[in-house]
Amino acid sequence: MVHRNIIFVCAILLFSCRASGQKVQSKAYDHMLNGLLSHTVPELGVEEVDVSQPVIFLDARERKEYDVSHIAAAIWVGYDDFEMDRVGEIDKKARIIVYCSVGYRSEKISEKLLSAGFQDVSNLYGGIFEWVNQDLPVVNGAQPTQQVHAYDKVWGVWVNKGEKVYR
C-alpha cells in the first residue's frame, strides 16, 4: 500500500511539473517555484522574453539588491515600500515584465499593477537568478557586471552563475 502511495505521489509531481511547462533550466528550481508562487499573473520564462519588442522591466527587489546589479534599463520599484507613484509615468498599455530574485515579490507587484489597470504585465519566472543562470547580462549602473545579489545563503543556492553578493 505504501509503495502505491509513493508511486501515486511521484506521478502527480511529474504530471504537475510537465503540466506547468518548465520555464527554468533546473527541475529542482522549477519544483520549488511551482510551490512558492501562486501563479495569479501571466508568467514568462527567461527564454520567452523578446527584447526585440518594446518592453519595460520593473525590478521589485529592495534597493540594495538593485544597486548590486539589475537588468539593463530596469526601473526600480521595490517591494516592501512599493508605491504606485513609482510607475505613474508608465503607459498602462505598455508591455511590462516585473522581476525580483526568484519571482515571488514580482508576482505580488504584478498583481497590484494589474489591479491598477495595467494591461500587459508579466512576472519573470525564476527572476534575475534565472536570468543570470542563462548567461544574460546584468549591469551595475551602466557597466556590465558578473555580480548578483543572492538575497541570503538559503536563496543563493539557486544562483549558479555569476558572483554572489550578500550585502
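Let's call a residue exposed when its relative accessible area is over 50%, buried when it is under 20%, and partly exposed in between. With that in hand, look at A73 in this predicted model: its relative accessible area is 73%, so A73 is exposed. You'll find A73 in the loop that links α3 (63-68) to β3 (75-76). Its backbone is worth a glance too, since A73 has a positive phi of about 70 degrees although it is not a glycine.

H39 makes a nice companion case. Here again phi is positive, about 60 degrees, and the residue is not a glycine. H39 sits in the loop between α2 (27-36) and β1 (43-44). How exposed is H39 by relative accessibility? The value is 34%, which lies between the 20% and 50% cut-offs, so H39 counts as partly exposed.

Now head for strand β4, residues 95-99. Four of its five residues are buried, so the strand is largely enclosed by the rest of the structure. Part of the picture is its pairing. Strand β2 (residues 56-59) runs parallel to β4, and four bridges join the two. If you want a spot to check, I56 stands opposite I96 of β4. β4 also pairs with strand β5 (residues 120-124), again in the parallel sense and over four bridges. There, look for V98, whose bridge partner in β5 is N123. As a reminder while you rotate the view, side chains in a regular strand alternate between the two faces of the sheet.

How does the chain get from β4 to β5? Follow it through helix α4 (residues 104-115): β4, α4 and β5 together make a right-handed β-α-β unit.

On the way from β4 into α4 you pass S101, which lies in the loop between them. Is S101 buried or exposed? Its relative accessibility is 5%, and since buried means under 20%, S101 counts as buried. Its side chain makes polar contacts with other side chains: one with that of E65, at 3.3 Å, and one with that of R105, at 3.0 Å.

Zoom out a little and look at what else S101 touches. Leaving aside residues up to four places away in sequence, its contacts are Y29, R61, E65, G126, G127, I128, F129 and Y151. E65, then, turns up both in this contact list and as a side-chain polar partner of S101.

Terms used
Residues numbered from 1 in each chain as written. Predicted model: local features only at pLDDT ≥ 70, side-chain atom pairs only at ≥ 80, totals over all residues. Heavy atoms only, no water. Buried < 20%, exposed > 50% of the residue type's maximum accessible area, 1.4 Å probe, protein only. Pairing = 2+ DSSP bridges. Right-handed = clockwise from strand over helix to strand, strands pointing away. Polar contact = N/O pair within 3.5 Å; in protein donor to acceptor, adjacent residues only side chain to side chain. Contact = heavy atoms within 4.5 Å.
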